Amino acid sequence: LLRTDLLEVVNAVRQRVPKVSIITDGAHLDAPLATKLSDLGVHMVQLTLLAGGADVHDSLRGAGSFADATRAIATAAAAGLKVSASMVVTRQNYREASKVAELCFALGAQGMALSRFCSVPANHPAFERLMPSAGQVRYAAEAAAEMCESLGLPLAAALTIPRCVWGRPEHPPLRVGVCALVGSGGTLTLSPTGAVRSCSLSTRTHGTLGDEPWPTIAERLWVEELEPLRRSLPVVCEDCTFARQCLGGCRLSTRPHAAHWSAIDPLAPVTHEPADSGAT
Ligand code: SF4
């Protein structure tokens with residue numbers, strides 16, 4: 001939202017695609033800007049809400065960020081924008097999911113999305129501090145699902161979660177989908193300069209729009225990343241009953257841990273046994 005040509009950019013994109021969504025921390029979303037975005041037909045604004053109160057949220061996101069996010073959700077909703085609040089589940093905040101759902105509802109959000117911490121290398125200090133266990137993700141998802149159902153608030157998964165995280169993998173508490181890199185749909189991540197990546201989690205650039213024709217970039221993206229990913233289900237997933245629905249969880253979350261495409265999502269329990277029942 002710091003771009004001085006933001007409205008121009010939104011307007012140009014809006015002419016070409018049916019739905020434009022904006023993901024922001026909300027720090028610069030005031031009422032006049034929210035009204036302009038609404039007038040331009042922005043489909044949705046997504047903000048991050050990590051806890052039901054400032055203490056936990058600000059400890060993860062920085063001082064003052066809870067106030068920014070909550071003010072922005074209320075401001076955007078009042079301007080008529082559809083608002084979804086996304087909670088990234090970590091080891092630090094997994095008990096907050098029910099409170100986040102209540103707060104979303106109170107602020108006028110029309111939906112909540114649960115995401116999961118996407119892992120950093122296991123030797124990074126943030127890994128021990130933030131990487132949740134399967135039980136903690138399940139705790140957060142079940143609490144959010146229960147509260148959202150009681151409030152009539154739609155709940156979605158912002159990033160796929162492996163089926164073996166759930167106590168009953170055939171009945172996840174929320175619709176989890178599959179990783180966009182190996183599923184039938186597809187999205188791309190573009191930098192402000194036009195650099196093309198497969199996903200916002202990927203550090204690999206396959207070319208820059210404007211420098212090369214799109215078919216050249218698309219071919220490189222397929223050969224270097226998408227095709228090897230689709231060819232290589234994680235080894236431990238090959239005999240899994242849920243492999244066809246799950247496709248191995250979030251496929252890029254393995255990359256900080258393993259150099260090959262066939263490593264398993266670090267959130268998945270390492271055996272095929274049902275996930276543990278405690279939030280540990
Ligand atoms: S074992 Fe693999 S395919 Fe099966 S549910 Fe877990 S991550 Fe998904």
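Which residues make the nonpolar surface patch of about 360 Å²? Leu188, Leu190, Leu209 and Trp214 make it. Keep in mind that this is a predicted model.

Take one member of the patch, Leu190. This leucine sits in strand 6, which spans residues 189-190. Its relative accessibility is 48%, so Leu190 counts as partly exposed. A residue must have over 30% relative accessible area to join a patch, and Leu190, at 48%, therefore passes that cut-off.

Turn next to the ligand. Nine residues stand around the ligand. Nearest to it come Arg163, Cys164, Cys237, Cys240 and Cys246. What is the character of this shell around the ligand, counted as nonpolar, polar and charged residues? Six of its residues are nonpolar, two are polar and one is charged. Cysteine counts as nonpolar and arginine as charged. Cys164, Cys237, Cys240 and Cys246 therefore belong to the nonpolar group of the shell, and Arg163 is its charged residue.

Now look for paired charges. The structure holds seven salt bridges. Three of them are worth a visit.

Start with helix 4, which covers residues 65-78. Here Asp68 forms a salt bridge with Arg71. Their closest N and O atoms are 3.2 Å apart. Why can these two residues be thought of as a turn apart? Asp68 and Arg71 are three residues apart in helix 4, so about one helical turn separates them. Asp68 is partly exposed because its relative accessibility is 22%. Buried would require under 20%. Arg71 is partly exposed as well, with a relative accessible area of 39%.

Helix 8 offers another pair. This helix runs over residues 214-231. Glu227 forms a salt bridge with Arg231, and the closest N and O atoms are 3.0 Å apart. The two residues are four apart in the helix, so they too are separated by about one helical turn. How does each partner count, buried, partly exposed or exposed? Glu227 has a relative accessible area of 27%, so it is partly exposed. Arg231 reaches 61% and therefore counts as exposed.

The last stop is the salt bridge of Lys99 with Glu96. The closest N and O atoms of this pair lie 3.2 Å apart. Lys99 is partly exposed, because its relative accessible area is 43%. Glu96 has a relative accessibility of 10%, so Glu96 counts as buried. This bridge thus links a partly exposed lysine to a buried glutamate.

Methods: Residues numbered from 1 in each chain as written. Predicted model: local features only at pLDDT ≥ 70, side-chain atom pairs only at ≥ 80, totals over all residues. Heavy atoms only, no water. Near = heavy atom within 4 Å. Patch = residues over 30% accessible without salt bridge, like charges linked within 9 Å, V, L, I, M, F, W, Y side chains within 5 Å. Areas by Shrake-Rupley, 256 points an atom, 1.4 Å probe, with all protein chains shown as cover. Salt bridge = Lys/Arg side-chain N within 4 Å of Asp/Glu carboxyl O. Buried < 20%, exposed > 50% of the residue type's maximum accessible area, 1.4 Å probe, protein only.
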